[in-house]
Amino acid sequence: MYIYKDTICVKLNMFLLNFTIQKMTLQYNTISEITNNSMNWNLKVRVVRFWTTPDKYKPDIPYSMKLILQDEKGDRIHASIDKYTIKYFRDKIYDHGLYRMKYFVIASYNSKFKSNSHKHKLIFTQNTIVTKLEDSSFHMDVFKLRTFDEVAIQHNTDENQLIDVVGHVVSYEPIQLSKQGDNSSSFMNIVVEDEKKNNLPATLWGDLVFQMQSHLSGSTDEPLIVVLQLMKTHKFRDTYSIRSCWYQIKLWINTDLPQSSDFKNKLIASGKYKKVSQTSSQKHISISEELST
């Protein structure tokens, strides 16, 4: 009898010990806690944006992978994976996935155009741990939406801060071609409108033009809802617009993500929205300045 009781006590103690150890290992850090004093940060984060930068001389080969990570509190941090480390994570990380990530090199975040305000960024190594998680309670608010009013107020707009906006497309101009030496790029000017009837001009470049064009060519009575993620603001003749730049921008069209769906539902409920119309080219932004930049 005593031996039996002792065995139960030993098993119970082992169970409690293992439970305690497991609980300790699942203690996550917040992004706001991250400093360069340690490499052993343990994060539970959602990937709110993920993109690949091609090699300048070999466009078919990725030069680096970039991520923007967001924790449960909504804080964000930039992360980078160099070309020699990509092979360890290429098939593990996707947009909007929820992950446990641990062990990074910490560096200063000195990018001219920033996706967040954290002063540090994470650099992945081959020892960085990435584990896919499932947690329905972890929110899917992946956009840091700015209102059109905030963009239009000059003293409140930082042109080095990349922003997200949501609206519905009310007009667009024909696709145009811009040539610079032997290179040419397609671009399109559109106008998006918010729930307050404020308009915001936007310029799309490259593949985004044809992504947008495929939706403009179809006729529908419903509004065309777009989320423009990580756009650059630009001031020209005292007017602000937004534009796509580089590789981090993503265009979400009629997505069912929560913030976009909320906007669409409110707009349809109001019954006050315009159908998309085509307009002539107004050249309301400085394309030559865009190219020189």
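This passage describes helix 4, the nonpolar cores, the salt bridges and the aromatic pairs of a predicted model.

Helix 4 comprises the 13 residues 258-270, and because a rise of 1.5 Å a residue should give a span of 18 Å, the separation of 18 Å between its end C-alpha atoms agrees with expectation. Within helix 4, the residues Q259, S260, F263 and L267 are buried. These residues cover an arc of only 100 degrees around the axis, which places them on the same side of helix 4. Such a pattern can be read against the general geometry of an α-helix, in which there are 3.6 residues a turn, so that residues three or four places apart point the same way. On the other side of helix 4, N265 and A269 are exposed. The cover over the buried residues of helix 4 includes strand 8 (163-172), strand 10 (183-193) and strand 12 (225-236). After helix 4 comes G271, which has a positive phi, near 70 degrees.

One residue that touches this helix is H168, which is found in strand 8. H168 has a relative accessibility of 0% and therefore counts as buried, the limit for that class being under 20%. When residues up to four places away in sequence are not counted, the residues touched by H168 include F263 and L267, both of which belong to the buried residues of helix 4. Also among the residues that H168 touches are V191, V192 and E193, together with P223, L224 and I225, and, in addition, Y273 and K274.

The largest nonpolar core of the model contains 25 residues, and those with the most contacts inside it are I190, L204, M212, L228 and I242. Two or more residues are given to this core by each of helix 2 (148-152), strand 8, strand 10, strand 11 (199-205), helix 3 (207-216), strand 12, strand 13 (239-243) and strand 14 (250-253). The surroundings of L228 can be described in detail: with its neighbours within four places in sequence left aside, L228 is in contact with I163, D164 and V165, with V192, with A202 and L204, and with I242, I249, K250 and L251. A second core, separate from this one, has 23 residues, among them W41, F89, I93 and L122.

Charged side chains were examined next, and a search of the whole structure finds nine salt bridges. In one of these, E134 is joined to K132, with the closest N and O atoms 3.6 Å apart. E134 counts as exposed because its relative accessibility is 71%, whereas K132, with a relative accessible area of 47%, is partly exposed. In another, the side chains of K196 and D149 meet at 3.6 Å, N to O. This pair links distant parts of the chain, since K196 lies in the loop between strand 10 and strand 11 and D149 lies in helix 2, 47 residues apart. K196 is exposed, with a relative accessible area of 54%, and D149 counts as partly exposed at 31% relative accessibility. A salt bridge that involves helix 4 is formed by the side chains of E222 and K264, at 3.0 Å from N to O. Here, too, distant parts of the chain are linked, with E222 in the loop between helix 3 and strand 12 and K264 in helix 4, 42 residues apart. Both partners count as partly exposed, E222 at 44% relative accessibility and K264 at 22%. Salt bridges that share partners also join R49, D95 and K250 into one network.

Aromatic rings provide a further set of contacts, and a search of the whole structure finds five aromatic pairs. F113 and W246 form a tilted pair, with 4.8 Å between centres and 35 degrees between the planes. F113 lies in the loop between strand 5 (105-108) and strand 6 (120-123) and W246 in the loop between strand 13 and strand 14, so this pair ties together parts that are 133 residues apart in sequence. F113 is buried, with a relative accessible area of 16%, while W246, with a relative accessible area of 48%, is partly exposed. F187 and W205 likewise form a tilted pair, 4.9 Å centre to centre and with 35 degrees between the planes. F187 in strand 10 and W205 in strand 11 are 18 residues apart, and the pair links distant parts of the chain. F187 is buried, with a relative accessible area of 4%, and W205 counts as buried at 14% relative accessibility. Finally, F89, F104 and F124 form one aromatic cluster, and F89 is also included in the second nonpolar core.

Definitions and conventions
Residues are numbered from 1 along each chain as its sequence is written. This is a predicted model: local features need pLDDT of at least 70, side-chain atom pairs count only at pLDDT 80 or more; totals for chains, interfaces and linings use all residues. Side-chain values use heavy atoms; hydrogens and water are left out. Helices (H or I, at least four residues) and strands (E, at least two) are DSSP runs, numbered from the N terminus. The expected span of a helix is 1.5 Å times one less than its number of residues. Buried means under 20% relative accessible area, exposed over 50%, partly exposed in between (1.4 Å probe, protein chains only). The arc is that of the directions from the helix axis to the C-beta atoms. Contact means heavy atoms within 4.5 Å. A nonpolar core is a set of buried Ala, Val, Leu, Ile, Met, Phe, Trp, Tyr and Cys residues joined through side-chain atoms within 4.5 Å. A salt bridge is a side-chain nitrogen of Lys or Arg within 4 Å of a carboxyl oxygen of Asp or Glu. Rings of Phe, Tyr and Trp (its six-membered ring) pair if their centres lie within 6.5 Å; planes under 30 degrees apart count as stacked, over 60 as edge-to-face and the rest as tilted.
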